[in-house]
Amino acid sequence: MSSLRKMVNEYKDDLQEGITWVIFWKEGRSWESSHVYIVVNEGEEIIDNEYKEELETILQKDPHAIALNGYIHGMFSEDATINHMIDAVKYYYEEWKSCSLENFIECYSEWSMELKEEKTQNVASNGVITQNIDKKTETEQKTDNVEYADFKQQKAEKNVNYQINENMAARAKSMMSFNDYKKGSATNEYRKLIDEASTIAEQQKSKVDSMYHEKIDYYFHLYARKLAQNLNGFHEIGTRCPSVLITGAGNFPVSKKEKQMNAYRKNAQEYEEIQEILYKIKGIGMSGISSDNPKAMKKLKEKLFTLEQNQEQMKQVNAYYKKHKTLEGCSLLSEAEKKRLTSYIEKDYNAEKRPYNSFTLTNNNAKIKHTKQRIAELEKKDFLKGWKFESGKVIANKEVNRLQIVFDEKPEEELRAKLKLNGFKWSPSQKAWQRLLNQNAVRAVKRIEELAEIIN
């Protein structure tokens, strides 16, 4: 039985750096792990296609598999002990929906969108529901097959206009209750949910780089369309069989009612899946600054500047409060910030009784330190060089941002196992074993004695 401690030890650096995504899953009682790199393709963060087969196999083995990234999941700081990190992995696995591998694939892979669309087409209908719910017009099928590339041609939020079938909703109400249907209530329910989703989308846009805005819009439209399908489907199911309160118990079609209840359960499950799109929206652009991003150095330096400014401002605000015992007159803060921080100071749980507590300053300082390390790591890449070993060569491929190992012949199984243990993956497209180009990758290669440099 594989030890979780061994897995966490193996990927400790990756978890703490936040560059790699580490996958954890179970096969029976045994823990298993692997890792994935995010690449940037035309401004989009995506999973390299070389991981497709492996990730789909993992999901088949364990639907509760999780994908963790130290930059996003905040339990893998530099001072975290191995025991603490093990507990963190166990916690995230128990709360798997918040970091599931399935959601990770859907957020960051090119192949997941069409698979998800295909899956959804089997359980949902599109647009306004007609009497024959299972048959779709040619126009509806085209809408169902919308691709992300096609979406880029659409206008963003203002084109969201998916109709709710009010007539169907009224019929469903009449078959379930003696109360009259309030005209427009089904549409109002839908609009309320869409407004909430729109708020989430706009808030996410304010947090991330503009390069992610189009992707957020795509998932918002996807949510709006599928929600309309689901709600229309719910009302259509309501017309299949009346309530016993309406018809009375005599000759009541029990079998028909059972089929209706099964359809309701399926519709409810689909509704929950649609709500998960909102979690995807909240995760877009939050994987940190990828080292594959050609603007990584610029973005990291901008991030560092902001973090250092925030640190200095927090210290100055604390000093002002210590001297004046109030935030009134503090020119560093807006009126809203003064009100929020004053309320926080007065909370019973705020033992330090100051605007920014020690842990806030410490956490921000840790981010500054981590960002400086990332910048230093990128700067060192210019000096990374490959070498030859007995049966091949190591290449510092800066163009694809990978440290690659190329063998003259296929390596033995024992050596392949060592490569995998040290985080290397076989890339069919590159014809090489590779991992992200950084100092950790170089150290990993040097741990494998068969790859020792030939010194002339």
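**View 1. A nonpolar patch on the surface of this predicted model.**
Let's start on the outside, where Phe178, Val244 and Leu245 come together as a nonpolar patch. Taken together, these residues have about 360 Å² of accessible area. Val244 belongs to helix α12, which covers residues 244-247. Is Val244 buried, exposed or partly exposed? Val244 counts as partly exposed, because its relative accessible area is 39%, and partly exposed is the class between 20% and 50%.

**View 2. The open sheet of five strands.**
Here the strands line up in the order β6-β7-β8-β10-β9, and the pairing is antiparallel. At the edges you'll find β6 (387-389) and β9 (425-427), each of which pairs on one side only. How much are neighbouring strands turned against each other? On average the turn is 30 degrees, with direction ignored. The next three views pick out parts of this sheet.

**View 3. The hairpin of β6 and β7.**
Two residues sit between β6 and β7 in this hairpin. The two strands run antiparallel and are joined by three bridges. To find one of the pairings, look for Trp387: its bridge partner in β7 is Val394.

**View 4. From β7 across to β8.**
Strand β7 takes in residues 392-397, and it pairs with β8 in the antiparallel sense over six bridges. Val394 turns up again here, this time with Ile405 of β8 as its bridge partner. These strands form a hairpin too, with four residues between them. Which residue of this hairpin takes a positive phi? That's Asn401, with a value near 60 degrees.

**View 5. Strand β8, mostly covered, and its partner β10.**
Strand β8 spans residues 402-407, and five of its six residues are buried. Besides pairing with β7, β8 pairs with strand β10 (residues 432-436), again in the antiparallel sense. Four bridges link β8 and β10. A handy pair to look for is Gln404, which stands opposite Gln434 in β10.

**View 6. The open sheet of three strands.**
Now for another sheet, this one with the order β2-β1-β5 and antiparallel pairing. Why do β2 (30-36) and β5 (66-68) each have one side without a neighbour in the sheet? Both stand at the edges with a single partner strand, so the other side of each is left open within the sheet. Neighbouring strands in this sheet are turned by 25 degrees against each other on average, direction ignored. Strand β1 (residues 21-27) pairs with β5 over three bridges, in the antiparallel sense. Within that pairing, Val22 stands opposite Leu68 of β5.

**View 7. Arg265 on helix α13.**
Helix α13 runs over residues 254-283, and Arg265 is found in it. Is Arg265 buried or exposed? Arg265 has a relative accessible area of 53%, so it counts as exposed, a class that takes over 50%. What does the side chain of Arg265 touch? It makes a polar contact with the side chain of Asn262, at 2.4 Å. You can also look across to Phe234, which is 31 residues apart from Arg265 along the chain. The C-alpha atoms of Arg265 and Phe234 are separated by 9.9 Å.

**View 8. Ser100 in the loop between two helices.**
The last stop is the loop between α4 (82-94) and α5 (101-108), where Ser100 has its place. Unlike the exposed Arg265, Ser100 counts as buried, because its relative accessibility is 4% and buried means under 20%. Which backbone atom lies 3.1 Å from a polar atom of the Ser100 side chain? It's the backbone nitrogen of Asn103.

Methods. Residues are numbered from 1 along each chain as its sequence is written. This is a predicted model: local features need pLDDT of at least 70, side-chain atom pairs count only at pLDDT 80 or more; totals for chains, interfaces and linings use all residues. Side-chain values use heavy atoms; hydrogens and water are left out. Buried means under 20% relative accessible area, exposed over 50%, partly exposed in between (1.4 Å probe, protein chains only). Two strands pair if DSSP finds at least two bridges between them. Patches are made of residues with over 30% relative accessible area and no salt bridge: like charges are joined within 9 Å, nonpolar side chains (Val, Leu, Ile, Met, Phe, Trp, Tyr) within 5 Å. Accessible areas come from the Shrake-Rupley method with a 1.4 Å probe; for residues, only the protein chains shown count as cover. A salt bridge is a side-chain nitrogen of Lys or Arg within 4 Å of a carboxyl oxygen of Asp or Glu. Axes are lines fitted to C-alpha atoms, for helices over the stretch in contact, and angles run from 0 to 180 degrees between N-to-C directions. A polar contact is a pair of N or O atoms within 3.5 Å; within protein, one must be able to donate a hydrogen and the other to accept it, and residues adjacent in sequence count only if both atoms are side-chain atoms.
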